[in-house]
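Work through the exercises below with the sequence and the structure open beside you. Try each task before you read its solution.

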Amino acid sequence: MSRYPDLCLNLKECVCQEMGTIDPSIFWALLFKGGFYGMKKREVGGKYCLSGHPTLPCNVLKFKSTTIMLDCGLDMTSTLNFLPLPLVQSPRLSNLPGWSLKDGNAFLDKELKECSGHVFVDSVPEFCLPETELIDLSTVDVILISNYHCMMALPYITEHTGFTGTVYATEPSVQIGRLLMEELVNFIERVPKAQSASLWKNKDIQRLLPSPLKDAVEVSTWRRCYTMQEVNSALSKIQLVGYSQKIELFGAVQVTPLSSGYALGSSNWIIQSHYEKVSYVSGSSLLTTHPQPMDQASLKNSDVLILTGLTQIPTANPDGMVGEFCSNLALTVRNGGNVLVPCYPSGVIYDLLECLYQYIDSAGLSSIPFYFISPVANSSLEFSQIFAEWLCHNKQTKVYLPEPPFPHAELIQTNKLKHYPSIHGDFSNDFRQPCVVFTGHPSLRFGDVVHFMELWGKSSLNTVIFTEPDFSYLEALAPYQPLAMKCIYCPIDTRLNFIQVSKLLKEVQPLHVVCPEQYTQPPPAQSHRMDLMIDCQPPAMSYRRAEVLALPFKRRYEKIEIMPELADSLVPMEIKPGVSLATVSAVLHTKDNKHILQPPPRPAQPTGGKKRKRASDDIPDCKVLKPLLSGSIPVEQFVQTLEKHGFSDIKVEDTAKGHIVLLQEAETLIQIEEDSTHIICDNDELLRVRLRDLVLKFLQKF
Amino acid sequence: MPEIRVTPLGAGQDVGRSCILVSIAGKNVMLDCGMHMGFSDDRRFPDFSYITRSGRLTDFLDCVIISHFHLDHCGALPYFSEMVGYDGPIYMTQPTQAICPILLEDYRKIAVDKKGEARFFTSQMIKDCMKKVVAVHLHQTVQVDDELEIKAYYAGHVLGAAMFQIKVGSESVVYTGDYNMTPDRHLGAAWIDKCRPNLLITESTYATTIRDSKRCRERDFLKKVHETVERGGKVLIPVFALGRAQELCILLETFWERVGLKAPIYFSTGLTEKANHYYKLFIPWTNQKIRKTFVQRNMFEFKHIKAFDRAFADSPGPMVVFATPGMLHAGQSLQIFRKWAGNEKNMVIMPGYCVQGTVGHKILSGQRKLEMEGRQVLEVKMQVEYMSFSAHADAKGIMQLVGQAEPENVLLVHGEAKKMEFLKQKIEQEFRVSCYMPANGETVTLPTSPSIPVGISLGLLKREMAQGLLPDAKKPRLLHGTLIMKDSNFRLVSSEQALKELGLAEHQLRFTCRVHLHDTRKEQETAVRVYSHLKSVLKDHCVQHLPDGSVTVESILIQAAAHSEDPGTKVLLVSWTYQDEELGSYLTSLLKKGLPQAS
């Protein structure tokens with residue numbers, strides 16, 4: 001049984017509890033709709049057949065009446081269902097046979113084509129968006145971006161959901177994110193495709209299709225790529241932030257990006273108030289590559305740590321993969337073949353170029369041309385050199401010399417590395433083989449890479465080396481089969497693996513860990529590998545797509561400021577060594593989610609009784625609380641005090657629990673016990689008040 | 001009473017050797033550590049013995065902050081850290097960290113190699129000093145220790161120039177360093193949020209100047225350069241290697257390109273190319289336009305501007321030369337100046353401020369016969385032009401920044417006393433805040449009254465807020481609670497919770513008053529009458545008549561009993577606890593007045 005019985009609430013309940021200005025707990029909605037195609041092997045079951053994409057998160061956190069979206073990842077694995085978009089007319093692709101049902105019905109043959117036993121949609125590729133129905137996205141106050149890969153769905157969210165908030169991201173995330181989006185838009189827009197298939201999406205028809213199309217989720221919500229105009233508008237909503245910058249949200253919550261060590265400008269986020277701290281860890285790396293190292297210390301003392309974006313290939317060691325990459329590359333080139341590296345225009349490519357910079361001379365490759373082809377190749381290479389502040393220490397010190405931090409500047413200067421916006425234009429003149437080509441898109445569905453696959457696929461001398469871990473390489477290759485070209489799979493994913501995670505959790509010791517459900521069990525293909533899951537105490541709380549989760553902590557305190565004038569008037573008394581108390585009576589002011597205590601106003605002077613007061617004016621407000629009392633009354637001293645104040649004729653009787661003090665003349669009786677005092681008297685207010693004040697002298701007020 | 005204390009060791013009613021000590025909430029911070037270009041004796045460095053005469057500086061200072069790389073802000077740093085001795089952290093932005101050691105080395109070379117000074121800091125000292133530097137990013141909150149935090153804002157003045165917020169708890173000071181409120185050809189404008197510091201320490205170089213539009217100044221400058229070159233004259237522009245130099249280079253480069261001029265432009269010293277490299281690598285610190293277009297065309301790759309060779313100074317024909325340093329107090333600019341000063345066809349344009357004592361200052365104040373070393377007299381026939389290209393905020397800009405930050409007090413440094421006086425009045429009039437302008441060694445003390453942050457239990461706060469958010473001006477509602485102070489942990493909780501937490505029992509104080517009432521009826525009936533009377537009077541209270549015959553008002557209990565002696569009198573026993581004191585007291589007095597006759 002869960003210790004938190006209300007673990008799974010539906011959203012409606014959450015919202016109800018959100019209504020008050022101060023909500024006692026924090027709710028977290030997880031909005032990512034499952035990416036299907038990259039993880040076919042996952043078990044299917046339950047209402048939501050597939051799980052969310054743990055490395056392309058899109059979550060919403062509700063915290064102290066603030067609605068915060070954490071990341072905005074776009075699942076592009078949906079594009080693997082589509083035919084590649086060739087830059088140059090490809091007879092092979094255009095002559096693929098249409099697909100027909102078992103009974104020979106071919107009404108779908110315009111939309112679906114068959115290639116080596118796989119069926120593909122012949123249409124403009126479409127992307128699987130984050131869930132937009134679970135929560136009204138126009139209520140999102142801010143979006144926090146952790147790295148440039150996790151912002152690719154931004155235009156869909158900011159432009160089409162009524163979103164009016166602010167997006168926070170670091171400058172490198174924004175600049176490189178823009179390049180990634182620009183490249184994507186360019187890849188898709190420069191190959192206009194007349195056809196937009198929709199027939200196959202019909203639920204009744206989809207049932208009849210072969211896997212994986214049959215099992216694709218929410219195909220009706222798949223969308224075509226955004227336009228550059230939408231990209232620009234989305235990016236204009238971003239406010240730049242720096243690491244360790246404290247950003248106040250509505251005076252209620254403070255968010256802070258921290259270096260996560262994974263990519264240029266990549267960040268984890270701290271979301272905190274004065275008494276609660278949520279850490280959002282997304283795409284972090286402890287390896288020393290080009291970015292600034294991960295800031296682990298600032299994650300300490302978290303109530304909840306949300307952990308996403310771990311390595312997608314937990315069994316592969318990135319260093320080993322780089323080695324394999326280099327040796328396979330050298331081998332192919334030495335045999336006169338060409339090497340194709342499908343890649344994103346930023347990120348791991350910087351590290352690969354740096355490795356090659358050190359490697360090519362010793363491997364005798366100095367005469368081999370390296371081509372980097374992308375509409376944003378030049379920008380990516382230039383931008384990498386100006387973000388010194390976001391780089392690891394070694395690279396930072398270079399700019400003091402001053403030298404460019406990345407050695408690809410030298411590769412370019414010496415003409416070993418050449419970059420082109422596309423295969424058209426200058427490239428066709430300069431193109432020499434054998435060569436090495438870095439180009440996108442890693443899905444092999446669009447971009448210049450399609451051309452090279454068609455060009456080099458038939459020769460076994462050539463090699464395609466997969467380094468990006470986002471797409472299953474077998475599925476990526478499916479529409480190119482049969483293929484003679486060698487395929488090498490060297491996925492380089494520098495994000496945290498499970499050993500590093502357990503070390504990290506030991507180090508920062510969060511009270512609770514929350515993570516995608518995939519991380520709480522070994523991968524289905526390696527179900528015996530109990531080491532390939534998160535192991536922590538208490539066990540991590542898991543979530544899956546379209547689920548709402550209550551985070552396991554109660555808010556108990558809120559910051560309030562005591563004005564100096566009030567503070568001066570407080571009288572602290574020491575109760576125990578080191579512990580003092582003071583009773584406070586003050587006026588509470590609340591503005592912009594900030595609470596301030598001010599001194600109570602001086603009692604208004606009676607206006608002289610000019611006006612006849614109404615009876616109700618005299619009735620005291622029962623909401624005015626008197627302080628609580630504590631302590632006990634020493635009888636002897638009390639009697640002495642009474643005598644000092646003119647009472648005579650005092651008689652003290654012992655009782656079972658205490659004493660009775662009798663003031664015989666005044667017919668007054670005071671029962672004194674350990675924890676109570678009872679004054680019984682005639683209706684003589686003056687007397688009563690005198691006695692009251694004498695009793696109070698012996699008691700502490702709270 | 002807590003207070004903030006500020007003592008300028010330099011830049012107090014003066015420009016040069018900026019160095020300001022700030023004490024805030026028990027923390028001591030030194031802002032800038034500059035040298036004075038007008039002096040070459042002891043006065044060129046701040047008097048650090050003011051901080052401590054015997055102890056180590058490290059024990060007295062929590063940190064040092066350098067606002068930008070100009071020598072009047074960082075020139076004394078190696079002397080301070082390595083010769084006087086300071087091992088604590090020195091904070092500056094990354095471009096400052098990159099460029100500052102180069103300028104220091106340059107300065108050292110001129111002082112030691114050219115002037116032959118002994119007892120100057122060495123190259124190694126510069127290196128050791130820079131090892132103590134911690135780079136600060138814009139807007140990053142740097143935790144110097146558990147309490148002291150600093151944050152940098154963009155200042156625009158030169159590459160990497162920053163303003164700093166120094167904060168301890170709720171008290172804060174902002175130091176502007178040098179800043180510029182108008183974007184120029186390569187830098188953006190200074191910006192700060194409405195951070196409402198207790199004190200804003202601002203530079204006031206141009207306290208009285210309202211500069212004409214930048215475009216006019218630029219046109220003027222270009223016109224003068226153009227005219228001189230056209231008539232075959234030589235133009236000397238003394239600059240510092242980094243800063244205005246790049247600005248003017250961009251200006252001339254674009255002009256040369258547009259007009260198609262052939263006369264060569266040179267930039268003196270080997271530093272130039274290196275300097276431009278820094279600008280290329282620190283593009284994010286430049287202005288919007290350069291950042292946007294740098295991939296296509298890096299503005300710091302100049303086509304028309306070539307490196308200067310000493311021999312060029314004697315070549316005939318027109319030319320434009322940028323030479324360092326900017327105040328003509330030493331080095332190449334002074335050498336060229338001496339060569340060209342005699343020819344009236346030539347022109348020297350001073351694009352920035354010159355401190356007293358420098359050749360630059362002398363010629364700008366109209367002196368035309370200069371006494372040089374070795375009793376030589378140099379007659380200046382060349383035209384002398386002053387053109388303010390210093391990227392300092394003018395009076396309007398300073399007022400603008402004060403408006404942005406909304407400080408409680410303002411303190412002026414880095415300016416001349418007379419001009420400060422004028423600006424001080426203006427600030428006090430316009431913003432209704434106190435403005436100070438201490439001289440060097442003079443201390444300004446500002447009492448502060450920081451509010452005290454405590455944690456209030458959510459239960460207590462909710463109870464309070466449930467009664468309505470808006471305080472009623474006529475009937476302010478009071479919040480009652482107990483403040484528990486344990487070590488430095490302050491929590492405000494409800495009294496019940498405080499007692500519980502401390503393991504203390506509540507002491508109940510109860511009153512029972514006998515109220516005699518003339519009533520011949522039975523006790524039960526008296527009780528009914530009491531009930532209906534109270535019910536009608538206390539409309540807002542919960543009045544109940546219980547089955548056992550007693551009456552309650554909220555938690556106050558009233559019982560009617562027969563009088564032991566007088567059957568015509570009933571005794572009402574009214575019993576309440578101290579928490580209901582007001583209501584209980586009110587009830588007894590109400591009941592004492594008797595009950596209304598039954599109708």
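**Exercise 1.** Which strand of chain B is joined to strand β31 (residues 676-682) of chain A, and how many bridges join them?

*Solution.* Keep in mind from the start that this is a predicted model. Begin at strand β31 of chain A and cross to chain B, where strand β26 (residues 508-518) runs parallel to it and is joined to it by 7 bridges. Then take a single residue of this pairing: A:T677 has B:L509 in β26(B) as its bridge partner.

**Exercise 2.** Find how many residues each chain brings to the contact, and how much area the two chains bury.

*Solution.* Count by chain, which gives 96 residues from chain A and 89 residues from chain B. Next turn to area: chain A and chain B bury about 8,200 Å² between them, and 61% of this lies on carbon and sulfur atoms. Finally, look at single contributors on chain A, where A:E389, A:K626 and A:N683 supply 9% of the area that this chain buries against chain B, more than any other three residues.

**Exercise 3.** Describe the polar side of the interface, and then the make-up of the side of chain A that touches chain B.

*Solution.* Start with the salt bridges, of which there are 5 across the interface. In one of the salt bridges, the side chains of A:R692 and B:E581 meet at 2.2 Å, N to O, which satisfies the cut-off of 4 Å. The residue pairs in polar contact between the two chains come to 37. On the side of chain A that touches chain B, strand β25 (residues 579-591) gives the most, with 12 residues. Sorted by kind, the residues of that side are 50 nonpolar, 23 polar and 23 charged.

Notes:
Residues numbered from 1 in each chain as written. Chains lettered and ligands numbered in written order. Predicted model: local features only at pLDDT ≥ 70, side-chain atom pairs only at ≥ 80, totals over all residues. Heavy atoms only, no water. Contact = heavy atoms within 4.5 Å. Buried area = accessible area lost by both parts, 1.4 Å probe. Polar contact = N/O pair within 3.5 Å; in protein donor to acceptor, adjacent residues only side chain to side chain. Helix = DSSP H or I, 4+ residues; strand = E, 2+ residues; numbered from the N terminus. Nonpolar A, V, L, I, M, F, W, Y, C, P; charged D, E, K, R; others polar. Pairing = 2+ DSSP bridges.
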